[in-house]
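Colleague: Could you walk me through this one at the bench? I would like to hear the reasoning behind each label.

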Amino acid sequence: MSRTGLYIEARIRADLDDLWNHTQEPSRHQRWDLRFSEITYLPRANDEPQHFRYATRVLPFLTIAGTGVSAGERERPDGTRTSALRFSSPHPLSLLAEGSGYWRYVPDGDAVRFLTGYDYRPRWGTFGTLADRLLFRPLMGWATAWSFDRLRLWLERGITPERALRNWLAELLLRTLVITAGCTGFGEQRFLRLFGPLAASMAYLWPLLLIVAVSLALFKAPLPCTPAARRCLRTPPTRVRAPRLLRTLEDPR
């Protein structure tokens, strides 16, 4: 993986088989992974890597699709598991041209360290490289980490991916409303009417309350039932290398 490659790690308290199934079965994978709207396995022989199609709904009227090939090692001497893949998209509107990556499953006491490393080549020349560096790559890193935490909530707390998304949207809306109210001074007149004659002597409280409310909206940790990218490790603790399994996969194009 290059210096600009993405790395995400989450510690999930779940059975290793459950985690494997939730990440390897397309019907489950597409529910928690924000990066994909649909994943479909293609027919294959028993001794062949698994080819698949994927699609991402960017807008209600725009879906970008691609193909990939993956292989997994479910039984390794050290007790870990590995899954590797290569992928590409011929869609002209897809900034992502082709890439590769891996998942590792590392047992860690009562939990599993679920981690990924991946990288890709952007298209559109110099403009695509700049857009990727400034916007798309940070967004992909955030989306991957957010999705990993949504998976964690599903396995640890039984919060379905659909419910987790609703929780996140509701909390985001509440924080936005608080920040908007603080920036516009909304509610100040109601505060003064509420305290009536004491308003003059307590007028100093309103700016203080606004500062506290906006600070909480901006910096308070997300609720335990809300997925958050910040809960995931974004930098590898040690130098990492892509698994050998990745070199056995052909280009999916």
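Modeller: Happy to, and keep in mind that this is a predicted model. Let's start with Phe114, which touches Ile8, Ile12, Leu19, Trp32, Tyr105, Phe148 and Leu151, among others, leaving aside residues up to four places away in sequence.

Colleague: What makes Phe114 stand out in the largest nonpolar core?

Modeller: Phe114 is listed with Ile12, Leu19, Trp32, Tyr105, Phe148 and Leu151 as having the most contacts inside that core of 20 residues. Helix H3 gives the most to this core, with 6 residues. A second, separate core has 9 residues, including Ile39, Phe87, Tyr120 and Met140.

Colleague: Why is Tyr120 called buried?

Modeller: Buried means under 20% relative accessible area. Tyr120 has 7%, so Tyr120 counts as buried.

Colleague: And why is Phe136 called partly exposed?

Modeller: The partly exposed class runs between the 20% and 50% cut-offs. Phe136 has 23%, and therefore falls in that class.

Colleague: How do you know that Tyr120 and Phe136 form an aromatic pair that is edge-to-face?

Modeller: Ring centres must lie within 6.5 Å to pair, and planes over 60 degrees apart count as edge-to-face. Here the centres are 6.0 Å apart and the planes are at 85°, so both conditions are met. The pair joins strand S7, home of Tyr120, to helix H3, home of Phe136, 16 residues apart.

Colleague: What makes Arg137 lie over the face of Tyr120?

Modeller: The distance part of the rule asks for CZ of Arg within 6 Å of the ring centre. Arg137 is at 4.3 Å from the ring centre of Tyr120, so that part is satisfied, and Arg137 does lie over the face.

Methods: Residues are numbered from 1 along each chain as its sequence is written. This is a predicted model: local features need pLDDT of at least 70, side-chain atom pairs count only at pLDDT 80 or more; totals for chains, interfaces and linings use all residues. Side-chain values use heavy atoms; hydrogens and water are left out. A nonpolar core is a set of buried Ala, Val, Leu, Ile, Met, Phe, Trp, Tyr and Cys residues joined through side-chain atoms within 4.5 Å. Buried means under 20% relative accessible area, exposed over 50%, partly exposed in between (1.4 Å probe, protein chains only). Helices (H or I, at least four residues) and strands (E, at least two) are DSSP runs, numbered from the N terminus. Contact means heavy atoms within 4.5 Å. Rings of Phe, Tyr and Trp (its six-membered ring) pair if their centres lie within 6.5 Å; planes under 30 degrees apart count as stacked, over 60 as edge-to-face and the rest as tilted. A charge sits over a ring if NZ of Lys or CZ of Arg is within 6 Å of the ring centre and within 35 degrees of the ring normal.
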